[in-house]
Amino acid sequence: MSSRDIELSKNLSIVQNMISGVKSTHKAKDITLVAVSKTKPLEDIQYLQKYHNIFGENYAQEFAEKFEKIEKKPEFHFIGALQSNKASLVVGKAELIHSVDRLSLAKEIDKSAKKLDIVQKILIQLNLTGETTKSGITENEIEMFLDSLRDLKNISVVGLMTMPFFTDDGELVRPYFRRLREIRDDLKQKGFSLNHLSMGMSGDFIVAIEEGATIVRVGSLIFGER
Ligand SMILES: *Cc1c(COP(=O)(O)O)cnc(C)c1O
């Protein structure tokens with residue numbers, strides 16, 4: 001084993017143990033850990049593949065290249081902002097696209113998925129902080145947005161995602177995580193089948209799990225600073 005191999009597997013088990021230790025309504029085994037490998041070399045993914053099989057990437061081009069090169073394909077999630085004209089690089093390769101935040105993008109994903117004759121699973125990204133510079137559908141728009149996706153037969157919306165801001169103090173973002181869960185529960189009552197909540201990063205995933213996250217996206221705690 002190389003020293004990098006040892007470092008990565010050690011970091012991974014620290015994160016896994018932290019997840020197991022959280023008191024929440026979910027069992028640790030029902031929480032999906034996405035190891036965010038953006039900007040990190042392919043070798044890091046290959047080392048970690050011995051212990052973990054779910055990785056997250058942010059940049060369409062980088063993701064497509066890594067996907068082509070890696071021999072044993074892990075499960076990849078696409079978590080970054082996606083330009084509509086890059087959708088075809090991601091569709092069919094990513095198990096789940098976390099970051100759908102506008103109709104034009106949803107339509108492109110649907111179109112690419114149709115060509116491949118698949119149904120692409122997606123999450124809708126919400127902007128709950130109210131910062132207009134941030135991507136994401138607002139709370140007031142979400143129901144109409146979901147309605148507008150009904151005709152797109154080659155996508156399946158399986159949940160919601162949010163990313164308030166980078167912080168090491170989970171308490172600062174707890175209200176946003178809690179709100180996302182409330183919105184999801186409300187939409188479920190209205191008949192939308194949204195099971196997943198993708199929320200929580202290295203600095204705040206514990207709080208996210210306490211608030212009901214089913215998917216956490218952890219990068220720097222596993223792979224080191226970018
Ligand atoms: C980079 C990134 C992460 C991981 O962030 P860390 O703080 O390194 O854990 C999670 N989610 C999204 C959307 C990201 O862009």
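This passage looks at helix H1 and then at the ligand site of a predicted model. Residues are numbered from 1 along each chain as its sequence is written. Because the model is predicted, local features need pLDDT of at least 70 and side-chain atom pairs count only at pLDDT 80 or more, while totals for chains, interfaces and linings use all residues; side-chain values use heavy atoms, with hydrogens and water left out.

Helix H1 takes in residues 3-21 (a DSSP run of H or I, at least four residues, numbered from the N terminus). Its 19 residues should span 27 Å at 1.5 Å a residue, and the end C-alpha atoms do sit 27 Å apart, so the two values agree. The expected span here is 1.5 Å times one less than the number of residues.

On the buried side (under 20% relative accessible area, 1.4 Å probe, protein chains only), H1 has Asp5, Leu8, Ser9, Asn11, Leu12, Val15 and Ile19. These cover an arc of only 160 degrees around the axis, which puts them on the same side of H1; the arc is taken from the directions from the helix axis to the C-beta atoms. Turned away from that side are Ser3, Lys10, Asn17, Ser20 and Gly21, which are exposed (over 50%).

As for the ligand, 14 residues surround it (a heavy atom within 4 Å), and the closest are Lys38, Asn58, Ser202, Gly219 and Arg226. An N or O atom in the Ser202 side chain is 2.6 Å from a ligand oxygen atom. For Arg226, a polar side-chain atom lies 2.7 Å from an oxygen atom of the ligand, and for Gly219 a backbone N or O atom lies 2.8 Å from one.

Definitions and conventions: Helices (H or I, at least four residues) and strands (E, at least two) are DSSP runs, numbered from the N terminus. A polar contact is a pair of N or O atoms within 3.5 Å; within protein, one must be able to donate a hydrogen and the other to accept it, and residues adjacent in sequence count only if both atoms are side-chain atoms.
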